[in-house]
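Have the model open beside you, and let us walk through it together. We will begin with one residue and widen the view from there.

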Amino acid sequence: MGRSLKTLAFHGVSLILIAVVLYPAVWMIASSFKPSSEIVGNAAIWSENFSFDNFIKAMDGIGGISTLQFFGNSLFLAVASVIGVVFSSTLTAYAFTRINFPGRKFFFTMMVMTLLLPFHVIIIPQYIVFQQVGLVDTYVPLLLGKFLGAEAFFVFLMVQFMRNLPKELDEAARIDGAGHIRIFCSIMLPLMKPSIITASIFAFIWSWNDFLGPLLYLNTPDKYPLPLALRLFVDQTQSSDYGAMIAMSVLALLPVLLFFLIFQRHIVEGVSTQGLKG
Amino acid sequence: MTHTQAPTRRAKSAPPQRNEKLKLRRAESRAGYAFLLPWLLGFFVLTAGPMIASLYLSFTNYNLFEAPKWIGVDNYVNLLSDERFIQSVKVTLTYVVFGTPTKLLAALAIAMLLNSKRRGQGFYRSAFYVPSLIGASVSIAIVWKAMFGDAGPVDQFLSFFGIGLGGWVGNPNMTMPMMILLTVWQFGAPMIIFLAGLKQVPAELYEAAEMDGAGWGRKFASITWPMLSPVIFFNLLMETINAFQVFASAFIISGGTGGPAGSTMFYTLYLYLRGFGDFRMGYASAMAWLLLIVIGIITLIFFKTSDKWVHYSGDEK
């Protein structure tokens, strides 16, 4: 009896907490279906005037550029980021864990140190370099780092995973005369699948939500990904039109939430074992 | 090479094979650097190079159009008398000092609540994690601004209890609590890490303590806290470093101004405004290096004091 009462209390407390924590998200989704006049001055979730009007307005986009275009830009950047991150982090991790070369320890230490490096220390010179070579207002500055393993988190994730793969596997392949490229492609990559999936999910979400990078490098609106488009939308719409603004915010978050529903287990595992932030 | 060695070893070190071995090692080195090439390029061109460059620039006046002019430590000296800079330091430190511990306490409390073998735990864990996933996005910053604005739901709710504060967004005294609530709301990621740590604590320890009549507080102080201290250390370090770098939410909520009355002028926002608004690249570089030094010192303090309060149990690692 005491036990089931305790269980009841546990679920009761948990559900109340979840209601509080998820209120902003639920309020956002509900508001996206409400007329602007009902969003402000109203803490309630339910409305009798739910409609898709805000979404229709939000899909129109800004300044003659449709929201679909921004979606496409975000998607392109996110997918390219995933490819770049997987390419560079697996190669780098293989070098660090499977090949013996002078300088390995030194560079590994350097890589770990860059884990804690604040991004803001390097943005100014990076910007200057990209500006000098005329690559501002292209996607190159946003993607180059991903292909060159500049996001140490992903390299570290792969190294941790690869370290736990038995060395006997590649040693056996070496005795059979396989070179590093063969071993990397046909032995390591298939075994790395779980960590490649984790890295891909986070690379996608981080790119999707990134604001500072596009803010620095992109000038023409038709190249904007969603976060920048949202900001433009906020600047140009009168702040009273919360409806369309919130509808567009919901649209921008939709892929991330969808990702979470599909890959929940991978994401939670990635956070708990690798300390990856959301 | 002596006669006492096993025949196989002697054969390996005989001159022709030795050459072979050297060749092999060279091939290994080449392969190593070939695989490392993308990262090496990124490290030198995108990380180490820019770091040195920004250190140099921090001693110059540079506006992107004329050549950098060496001015010594002037940028650093000027920072000390720059009121907006001092304001940004105050804002950021307040945010770090109050926001991070609150967030971690919430994370720990809810992790302890969830750490049981009851059904539904997985669902709760995922639900609590959602804000961490979306919290730093522009979308949520917009929603936050609407929620805490004049007559927004937060104001409505508080007015119901007779605590009418009006909109938080336009009130310089309330923007900091609003920003701290936004970071505390994202307690899910450290909570998941705490949960993973709690699962590692052997249940026998609690059972033994209960037999000795230990109460809840005693169990927490003598078992949970010390056993969890490596995880607490990790979370505290990472969350502190991240808190220094908050940008998008402050930018969107204040419309890129750091207002009202400089109350959301976070360090990174001011750095951005100086570097990319006024094109004072040298000045912004000095700010970037100060940030790096402060984060470096904090990391060092964390590691230096860790042996006093972080316990690594002997049988693990």
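Ala146(B) is a good place to start: with 23 other C-beta atoms within 10 Å, this residue is buried (20 or more other C-beta atoms within 10 Å of its own make a residue buried, 12 or fewer make it exposed, anything in between is partly exposed, and the C-beta atoms are placed from the backbone). Before going on, note that this is a predicted model, in which local features need pLDDT of at least 70, side-chain atom pairs count only at pLDDT 80 or more, and totals for chains, interfaces and linings use all residues. Residues are numbered from 1 along each chain as its sequence is written, while chains are lettered from A and ligands numbered from 1 in the order in which they are written.

Ala146(B) belongs to helix H6 (residues 138-147) of chain B; helices here are DSSP runs of H or I with at least four residues, numbered from the N terminus. Beyond the neighbours within four places in sequence, Ala146(B) is in contact with Ile39(A), Tyr242(A), Ile246(A) and Gly152(B), where contact means C-beta atoms, placed from the backbone, within 7 Å. The contact between the chains takes 74 residues from chain A and 78 residues from chain B. On the chain A side, 49 are nonpolar, 22 polar and three charged (Ala, Val, Leu, Ile, Met, Phe, Trp, Tyr, Cys and Pro count as nonpolar, Asp, Glu, Lys and Arg as charged, and the others, Gly among them, as polar).

Now turn to a pair of helices in chain B. Helix H10 (residues 203-211) and helix H11 (residues 216-243) have axes that come within 11 Å and cross at roughly 145°; the axes are lines fitted to C-alpha atoms over the stretch in contact, and angles run from 0 to 180 degrees between N-to-C directions. Leu205(B), Tyr206(B) and Ala209(B) of H10(B) meet Lys219(B), Ser222(B) and Ile223(B) of H11(B). These contact residues divide into four nonpolar, one polar and one charged.

Further along, Gly259(B) and Pro260(B) are joined by a cis peptide bond, with omega about -5°. Pro260(B) sits in the loop between helix H12 (248-253) and helix H13 (267-277) of chain B. Most residues other than glycine have a negative phi, and most peptide bonds are trans.

Why is H13(B) described as largely enclosed by the rest of the structure? Eight of its eleven residues are buried, so the surroundings largely enclose H13(B). Among the buried ones are Tyr267(B), Leu271(B) and Arg274(B). Their cover includes H6 of chain A together with helix H4 (83-114), H12 and H14 of chain B.

Just after H13(B) comes Phe279(B), with a positive phi of about 55°. Phe279(B) lies in the loop between H13 and H14 of chain B and is partly exposed, with 13 other C-beta atoms within 10 Å. Chain A offers another positive phi: Asp137(A), at about 70°, although it is not a glycine. Asp137(A) lies in the loop between helix H6 (120-132) and helix H7 (140-147) of chain A.

We finish with helix H14 (residues 281-309) of chain B. At 1.5 Å a residue, its 29 residues should span 42 Å, and the end C-alpha atoms are 41 Å apart, which agrees; the expected span is 1.5 Å times one less than the number of residues. H14(B) also has a kink of about 25°, centred on Phe303(B), the bend being the angle between axes fitted to the seven residues ending there and the seven starting there.

Key
Helices (H or I, at least four residues) and strands (E, at least two) are DSSP runs, numbered from the N terminus. Two residues are in contact if their C-beta atoms, placed from the backbone, lie within 7 Å.
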